[in-house]
Amino acid sequence: MTLRPDFLWLVLLVGAVAFACRAGGFLLMRFIPASPRLEAALRATPLAVMVGIVAPAAAHGGVPELLALAVIIGLARLGANDVVSALAGVAVVAVTRSYAGL
């Protein structure tokens, strides 16, 4: 596999833009007073992003995705770490697709 120069520049550009967006957000947040309402919105943002990622997969997915969603919800209800739950869901999809042929 060869690394094309135009692809490398694109990856670097996308990384720089992503960094600028994050750094700009941190910079702007210095000038905004943190109200309880703002703090609640910032705490809810990761959950909203995860729902935005999972909802299309659950709506259009098949058996492996629904099994993974059930495992993730079960582990989350048992109090497992979010990362552990997500990794378990990925493992369920991988195993189900590879061994069940789905």
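**Exercise 1. Determine which residue caps the N-terminal end of helix α4, and by which atoms.**

Solution. The capping residue is Asn81, which has a side-chain oxygen 3.0 Å from the backbone nitrogen of Val83. Such a pair falls under the definition of a polar contact, namely N or O atoms within 3.5 Å, where within protein one must be able to donate a hydrogen and the other to accept it, and where residues adjacent in sequence count only if both atoms are side-chain atoms. The model is predicted, so local features need pLDDT of at least 70 and side-chain atom pairs count only at pLDDT 80 or more, whereas totals for chains, interfaces and linings use all residues. Residues are numbered from 1 along each chain as its sequence is written, and side-chain values use heavy atoms, with hydrogens and water left out.

**Exercise 2. Work out why the end-to-end distance of α4 agrees with its number of residues, and where its buried residues lie around the axis.**

Solution. Helices here are DSSP runs of H or I with at least four residues, numbered from the N terminus. Helix α4 (residues 82-100) has 19 residues, which at 1.5 Å a residue should span 27 Å, and its end C-alpha atoms are 26 Å apart, in agreement; the expected span is 1.5 Å times one less than the number of residues. Its buried residues (under 20% relative accessible area, with exposed over 50% and partly exposed in between, for a 1.4 Å probe and protein chains only) are Ser85, Gly89, Val93 and Thr96. They cover an arc of only 80°, and therefore lie on the same side of α4; the arc is taken from the directions from the helix axis to the C-beta atoms. An α-helix has 3.6 residues a turn, so residues three or four places apart point the same way. The face turned away from the buried side carries the exposed residues Val83, Leu87, Val90, Ser98 and Tyr99.

**Exercise 3. Identify what covers the buried side of α4, and decide whether Glu65 is buried or exposed.**

Solution. The cover of the buried residues of α4 includes α3, and Glu65 has its place in that helix (residues 63-77). Glu65 counts as buried because its relative accessibility is 17%. Leaving aside neighbours within four places in sequence, Glu65 is in contact (heavy atoms within 4.5 Å) with Ala57, Val93 and Arg97. Val93 is also one of the buried residues of α4.

**Exercise 4. Classify Ala86 by its accessibility.**

Solution. Ala86 lies in helix α4 and, at 31% relative accessibility, counts as partly exposed. The C-alpha atoms of Ala86 and Leu75, 11 residues apart along the chain, are separated by 9.2 Å.

Notes. Helix = DSSP H or I, 4+ residues; strand = E, 2+ residues; numbered from the N terminus.
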